[in-house]
Every structure is written in structure tokens, then in C-alpha cells.
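Colleague: Before I rely on any of the words used for this model, could you take me through the reasoning behind them?

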Amino acid sequence: MLPLFFLALLAVASAHSVITYPGWRGNNLITNDTFPYGMQWMYPCGGMGTTSNRTYWPTTGGAVAFQPGWFRGHSIAFAYINLGFGTDGPDNGPQNMSNPMVHQFEIIGPTNNPFPGTICLPQVPLPVNATVKAGDLATIQVVELAQHGAALYSCVDIIFAEPGDKRIAEVNETNCFNSTDVGFGDVYTIATKQPTGSGYGQSGAEVAVHRLGWAGFLSLVVGALCVLL
Ligand SMILES: *[C@@H]1O[C@H](CO)[C@@H](O)[C@H](O)[C@H]1NC(C)=O
Ligand SMILES: *[C@@H]1O[C@H](CO)[C@@H](O)[C@H](O)[C@H]1NC(C)=O
Ligand SMILES: *[C@@H]1O[C@H](CO)[C@@H](O)[C@H](O)[C@H]1NC(C)=O
Ligand SMILES: *[C@@H]1O[C@H](CO)[C@@H](O)[C@H](O)[C@H]1NC(C)=O
Ligand SMILES: *[C@@H]1O[C@H](CO)[C@@H](O)[C@H](O)[C@H]1NC(C)=O
Ligand SMILES: *[C@@H]1O[C@H](CO)[C@@H](O)[C@H](O)[C@H]1NC(C)=O
């Protein structure tokens, strides 16, 4: 009885994380007098200070999973995943979060109301030209840009470890999956006017969209739990 109950509690707790893999600084889904607009809107890490309970992540890059649908107004959003190096910055975190790990991509939710669902990129690389070694400290930042241009922030503080290190949490279909109710779009821009004044390009933009086929019984369970709570 007890182990089952404990497992259920764990499932509930993880269903309310925003970065579900490799971890997150803590619950910043908070609106109160200090954060009247909601904590997650605060740059760079949604109002959460640097943590000391860092999580291990591979020196060759690895998985990042998150739940994008916790707020209204996100039936369409842009997502960014960035890395900040070291602890020489404010709050003893990174100096900046200016190192993109992936090209920005679009998230297509089922509705403008909050929705359940997880997305996972199984192999997020290090920022271009970055070299790290086991034991280095860094912070992964997930930014979600809403339709109106404001951004939500969440972070996880990491320690790099060699791939295969036992301290890196296993990545599997439980913690790294794409829910069927969340779609993705590639984001392209086409210059309509060059800054040099050398002429005009083609106008228009192209957004290629494909719905996900990757399903999961678990996404249903997570969804059901979120509705219940
Ligand atoms: C670190 O501790 C906080 C507070 O207990 C918790 O919310 C968070 O999930 C922990 N982070 C990791 C990566 O374990
Ligand atoms: C709002 O929540 C944050 C995070 O838990 C906390 O640090 C802060 O003290 C809270 N503010 C008020 C007025 O309760
Ligand atoms: C960002 O931080 C890195 C150290 O992590 C530093 O080398 C770099 O100059 C900083 N970039 C900017 C634009 O501040
Ligand atoms: C990466 O390094 C190469 C070779 O030094 C350089 O040409 C390129 O501009 C660098 N890219 C970035 C994004 O810093
Ligand atoms: C998936 O990995 C996590 C650790 O990251 C572990 O707790 C969980 O039991 C694994 N699930 C399966 C189905 O292997
Ligand atoms: C989720 O979808 C994205 C975008 O299509 C893809 O890059 C990623 O590999 C998918 N994740 C899994 C676990 O299949």
C-alpha cells in the first residue's frame, strides 16, 4: 500500500513541473503580491534563484523535456533553450543566458486555455563552439514566448558528467515523450528588406507545421492528473 501511495505522490509532483527533464529550480507557477503578474515572467529564471541541488547532464548534450501549457494565451508560442555557463554572474549563476542550444521552434497547443502535455527533445546539443568537461557548472534556461511577445522563464542548474555516468537520470518513455495534443512548427524568416539598403528580397514567411504522431498512454495519465488537481 505505502509504496503505491508514494509512487502516486511522485507522479503528481512531476506532473506539475514545468521542466520535467532533467529537473528544474523549483515551482514558479506562483502569482502573489511579490509577483502580481506571475513569477514565471521574471527574467532570467522565472523568479527562482540559483540552486545548489544541481542535476547531472551529459557533456555531449542530452534530453530536455517540459510542459508548455500552464498559462493562458499559448495556443501558439515560440520556445527557446539556452545555456548559461558557470557561476560568475548575478546570484552566483551564469553571467548571461545568451547561448542558444537549439534553433527556436514553434509550439502549437490545442487551445488558448491552459492545456496538459509534454514535449521532449531527446538530444539537445551544447551551444555552438562550446566545450565543457565533467564537473563544470551551468544553467539550462527554457523560454516560452507567448503570442503577445512576453516570455515565460524556467531554469535548471546542472553539473556536466560524462555520458553514461550513473548520476545522469535515465531518459526513457516515462520522462521524454511528445504528447499528441501538442504540435510543432519550424520557424523561418525571410528578409523583406536588407539593412544595407542594397535592395528588397521576397516578402512573406513560411511556417511548416506538422502534428505529432508520437503518443503516450502516460501523457493521458499526466493530463488526467492535471485536470484532477
Ligand atoms: C531542488 O530543490 C527544490 C526545493 O526542494 C525542488 O523544488 C527542485 O525540484 C530540486 N531540483 C532538482 C534538480 O532536484
Ligand atoms: C511569493 O512567492 C515567492 C515564492 O514562493 C516568495 O518568495 C514570496 O515571498 C511570496 N510573496 C508573498 C507576498 O507572499
Ligand atoms: C556571457 O558569459 C560568458 C561566460 O559564460 C562570457 O564569456 C561572455 O562574454 C558573456 N557574453 C556577454 C554578451 O556578456
Ligand atoms: C565557431 O567557431 C568558428 C571557428 O572558430 C567560427 O568561425 C564561428 O564564428 C564560431 N561560431 C559561433 C557561433 O561562435
Ligand atoms: C525512466 O527513468 C526514470 C529515471 O530518470 C526512472 O525513475 C523510471 O523508472 C524509468 N522508467 C522506466 C519505464 O524505465
Ligand atoms: C518530439 O518532437 C520533436 C519535433 O518534431 C522532435 O524533434 C523530438 O525528437 C520528438 N521527441 C521524441 C521523444 O520523439
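The conversation below takes the overall fold, the two ligands, and then the cavities and a pocket.

Modeller: This is a predicted model, in which local features need pLDDT of at least 70 and side-chain atom pairs count only at pLDDT 80 or more, while totals for chains, interfaces and linings use all residues. Residues are numbered from 1 along each chain as its sequence is written, chains are lettered from A and ligands numbered from 1 in the order in which they are written, and side-chain values use heavy atoms, with hydrogens and water left out.

Colleague: How many helices and strands does the protein have, and what pattern does it follow along the sequence?

Modeller: The protein has 2 helices and 11 strands, where helices (H or I, at least four residues) and strands (E, at least two) are DSSP runs numbered from the N terminus. Read in order, the pattern is α-β-β-β-β-β-β-β-β-β-β-β-α. Buried residues, meaning those under 20% relative accessible area (exposed is over 50%, partly exposed in between, with a 1.4 Å probe and protein chains only), make up 44% of the 229 residues.

Colleague: Which residues surround ligand 2?

Modeller: The residues around ligand 2 are Ile30, Asn32, Asp33, Thr34, Phe35 and Met39; a residue is near a molecule if one of its heavy atoms lies within 4 Å of it. The protein covers 44% of the 360 Å² of accessible area that ligand 2 has on its own, as given by the Shrake-Rupley method with a 1.4 Å probe.

Colleague: What makes the pair formed by ligand 2 and the side chain of Asn32 a polar contact?

Modeller: A polar contact is a pair of N or O atoms within 3.5 Å; within protein, one must be able to donate a hydrogen and the other to accept it, and residues adjacent in sequence count only if both atoms are side-chain atoms. An oxygen atom of ligand 2 is 2.3 Å from an N or O atom in the Asn32 side chain, so the pair qualifies. A nitrogen atom of ligand 2 also lies 2.5 Å from a polar side-chain atom of Thr34.

Colleague: Which residues are around ligand 1?

Modeller: Trp24, Arg25, Gly26 and Asn53 are around ligand 1. An oxygen atom of ligand 1 is 2.3 Å from an N or O atom in the side chain of Asn53, and a nitrogen atom of ligand 1 is 3.1 Å from a polar backbone atom of Trp24. Of the 360 Å² of accessible area that ligand 1 has on its own, the protein covers 48%.

Colleague: What makes a space a cavity and not a pocket?

Modeller: On a 1 Å grid over the protein atoms alone, a cavity is a set of points where a 1.4 Å probe fits but cannot get out, whereas a pocket is an open set with protein on both sides within 12 Å along at least five of seven lines, and lining residues have an atom within 4 Å of a point. There are 2 cavities of 30 Å³ or more. The largest cavity has a volume of about 40 Å³, and its lining includes Val18, Gln40 and Phe66. Strand E9 (151–161) is one of the elements that give two or more residues to this lining, and E9 has the largest share, 3 residues. The second largest pocket holds about 200 Å³ of space; of its 14 lining residues, the closest to its centre are Pro44, Pro90, Asp91, Pro94 and Met97.

Definitions and conventions: Points joined across faces, edges and corners; volume = space filled by probe spheres on them.
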